[in-house]
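Welcome, and take a moment to look over the molecule before reading on. The paragraphs below are meant as a friendly guide for a first visit.

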Amino acid sequence: MARAVLELGESLQAETTCPVCLELFSEPVITECGHNFCGPCMAAVLGAPPRPAACPQCRAPVAPGSLRPNRSLGAVAGLAGTLGDEARRPRCPEHGEALGLFCESCRVPLCALCRDGPRHRDHRARPAEEAAKELRETLQSNLAILQKEKEEFKPKGEKKSDSLLGKVASERQRLRDAFAQLQQFLREQEGILLAQLDGAHGQLTKERRKYVSGVSERKALLDTLIAEIEKKRDQPVVEFLTDVGKTLSSCEVAKAPIPEPVSPELWRTVQSLSETSQLVMGALAKFKVNLLSEMDRERVKVTLDPETASPYLILSKDRKTVHLGDGEQNLPDTPKRFTGSPSVLGSQGFTAGRHYWELEVGDGDSWAVGVAVESVRRKDSLSMAMGKIWALRLDWNRQYTALHMPPAPLTLKEEPRRIRVHLDYEAGQVTFYNAENMTQIWQYKASFTEKVFPYFWLWSQKSYIQLCA
């Protein structure tokens with residue numbers, strides 16, 4: 001029915017449309033040739049003052065005063081307009097009916113057929129006009145509130161960002177200035193030390209040249225004297241004695257010691273410069289290590305906690321290395337101590353932040369390194385405690401295992417000797433790296449709610465675990 005009404009409206013609109021303005025007839029008039037036009041349209045065609053003109057449709061002559069009102073067509077045009085308004089009303093895409101209702105539960109407009117359908121049958125529906133009036137009032141109220149909030153809206157985020165941007169720029173400039181001053185200082189000291197070494201080099205070259213010249217002269221003198229003595233020793237007595245004194249004097253000169261190639265003073269100067277150079281290089285190396293250590297704030301110094309160490313484990317005096325002993329030690333069985341497995345914790349635990357430490361495991365096997373929560377079971381076997389441990393283990397058969405519950409075998413392309421264990425408490429991540437090339441070995445995802453400690457396990461006397469400084 002709705003579609004039939006729409007089609008009727010479209011037909012009526014076509015029949016009641018003025019061919020001049022292409023709008024519905026307004027005050028329609030009919031010409032003697034039988035064509036209909038809007039009164040204002042034909043008035044414009046005839047002009048002012050009115051004069052004969054051609055019919056816009058058939059070009060027949062139209063004389064002023066020959067037009068007659070067509071009131072019936074005007075009424076039909078009004079009806080067509082009403083039907084057109086009805087046709088332009090939004091329709092239900094499913095049923096084609098007018099959307100005259102509003103579902104308050106789904107907040108969507110409905111037609112009468114939708115209202116009785118299964119989706120909206122149990123929902124409260126209201127006339128669309130009534131719902132629109134109330135919702136307009138609600139929106140108007142929200143508009144007033146939002147406009148007031150907009151007037152009072154003065155966010156301070158930009159100021160905070162600007163402040164931080166200024167701080168970053170300031171720190172950047174300070175850092176550039178500090179490094180520039182340091183570089184200038186180092187260049188000055190480098191220039192002084194190199195000038196001193198260049199001076200020593202020049203002096204050594206000069207004394208070496210003098211020494212080589214003296215050696216060459218002495219060698220020539222020796223060759224001359226040897227030849228002269230060999231000739232003179234067979235001369236007659238008087239001839240032999242005539243200038244033997246000169247020959248003997250030359251012999252004394254030839255027997256005099258050759259001067260040292262380097263003077264004692266210059267030797268002491270070179271030694272002092274060498275010692276200074278070594279001290280400077282050592283200071284620079286220490287400076288680099290200290291600078292990197294200060295910048296690397298995530299690295300922590302881990303030591304082994306003897307109060308947690310299994311009686312089967314031997315800790316070094318500096319608490320940096322752990323070995324498996326020959327037997328069980330006589331140690332007090334406290335709640336902290338591992339007695340069910342050869343395990344030990346680090347002394348420091350973490351409840352927030354990002355931290356890492358590095359360790360060496362050597363070529364041995366039967367070890368495990370990682371983290372454990374404070375409530376890890378210490379009197380039971382490793383398999384019973386595994387649910388609260390996140391570790392990397394190398395078994396006796398050289399098989400690597402992700403040690404958690406359940407354990408999972410790993411296939412590694414290389415056997416790491418130095419391992420980095422990285423803990424991100426908030427992100428719940430425990431990541432293992434080969435510290436020699438920073439290749440990631442394995443990463444756990446967890447959710448920590450208690451203190452987390454470095455964890456170590458060892459079950460071979462041929463192996464060791466050593467924490468790196």
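What follows is a walk through some sheets, helices and aromatic rings of this structure.

Please keep in mind from the start that this is a predicted model.

Let us begin with a small sheet. Strands of a sheet pair through backbone hydrogen bonds, either parallel or antiparallel. Here, 3 strands make an open sheet in the order 2-1-5, with antiparallel pairing. At its edges you will find strand 2 (36-38) and strand 5 (68-69), each of which pairs on one side only. Strand 1, residues 28-30, is joined to strand 5 in the antiparallel sense over 2 bridges. To find your way between these two strands, look for Ile-30, which stands opposite Arg-68 in strand 5. A helix packs on this sheet too: helix 2 (residues 39-46) touches strand 1 and strand 2. The direction of helix 2 makes about 90° with that of strand 2.

Further along the chain comes another open sheet, built from 3 strands in the order 7-6-8 with antiparallel pairing. Which strands form its edges? They are strand 7 (108-110) and strand 8 (125-127), and each pairs on one side only. From one strand to the next, the twist averages 35°. Strand 6, residues 101-103, runs antiparallel to strand 7, and 3 bridges join the two. One place to see this pairing is Cys-103, whose bridge partner in strand 7 is Val-108. Helix 5 (residues 128-152) lies across strand 6 and strand 8, and runs at about 90° to strand 8.

Now turn to a pair of helices. Two packed helices are described by the angle between their axes and the distance between the axes. For helix 6 (residues 157-232) and helix 8 (residues 244-255), the angle is about 145° and the axes are 10 Å apart. The crossing of helix 6 and helix 8 is left-handed. On the side of helix 6, the residues making the contact include Leu-221, Leu-222, Leu-225 and Ile-229. From helix 8, Val-244, Val-253 and Ala-254 are among the residues taking part. Sorted by class, this contact of helix 6 with helix 8 has 8 nonpolar, 2 polar and 4 charged residues.

The next stop is a hairpin. Strand 9 (residues 313-315) and strand 10 (residues 321-324) run antiparallel and are joined by 3 bridges. Ile-314 has His-323 of strand 10 as its bridge partner. Between strand 9 and strand 10 there are 5 residues, and in this turn Arg-319 has a positive phi of about 60°. Strand 10 has a further pairing: 2 bridges join it to strand 21 (residues 465-467), and these two run antiparallel. Here Thr-321 stands opposite Gln-466 in strand 21.

Strand 13 deserves a visit of its own. Is it buried or exposed? In strand 13, 7 of the 7 residues are buried, so this strand is largely enclosed by the rest of the structure. Strand 13 pairs with strand 14 (residues 389-394) in the antiparallel sense over 6 bridges, and Gly-370 has Ala-391 of strand 14 as its bridge partner. Strand 13 also pairs with strand 20 (residues 452-458), again in the antiparallel sense, over 7 bridges. There, Val-369 stands opposite Phe-456 in strand 20.

Strand 13 leads us on to the aromatic rings. How many aromatic pairs does the structure hold? The number is 7. One of them joins Trp-367 and Tyr-400, whose rings are 6.2 Å apart from centre to centre with 70° between the planes, an edge-to-face pair. Trp-367 belongs to strand 13 (residues 367-373) and Tyr-400 to strand 15 (residues 400-403), so the pair ties together parts that are 33 residues apart in sequence. Both Trp-367 and Tyr-400 are buried.

Compare this with Trp-442 and Tyr-444. Their ring centres are 6.1 Å apart and their planes stand at 80°, so this pair is edge-to-face. Trp-442 is partly exposed, with a relative accessible area of 31%, whereas Tyr-444 is buried, with a relative accessible area of 7%. To end the tour, look for Trp-390, Tyr-425 and Phe-448, which form one aromatic cluster.

Notes
Residues are numbered from 1 along each chain as its sequence is written. This is a predicted model: local features need pLDDT of at least 70, side-chain atom pairs count only at pLDDT 80 or more; totals for chains, interfaces and linings use all residues. Side-chain values use heavy atoms; hydrogens and water are left out. Axes are lines fitted to C-alpha atoms, for helices over the stretch in contact, and angles run from 0 to 180 degrees between N-to-C directions. Helices (H or I, at least four residues) and strands (E, at least two) are DSSP runs, numbered from the N terminus. A crossing is left-handed if the near helix is turned anticlockwise from the far one by less than a right angle, and right-handed if clockwise. Contact means heavy atoms within 4.5 Å. Ala, Val, Leu, Ile, Met, Phe, Trp, Tyr, Cys and Pro count as nonpolar, Asp, Glu, Lys and Arg as charged, and the others, Gly among them, as polar. Two strands pair if DSSP finds at least two bridges between them. Rings of Phe, Tyr and Trp (its six-membered ring) pair if their centres lie within 6.5 Å; planes under 30 degrees apart count as stacked, over 60 as edge-to-face and the rest as tilted. Buried means under 20% relative accessible area, exposed over 50%, partly exposed in between (1.4 Å probe, protein chains only).
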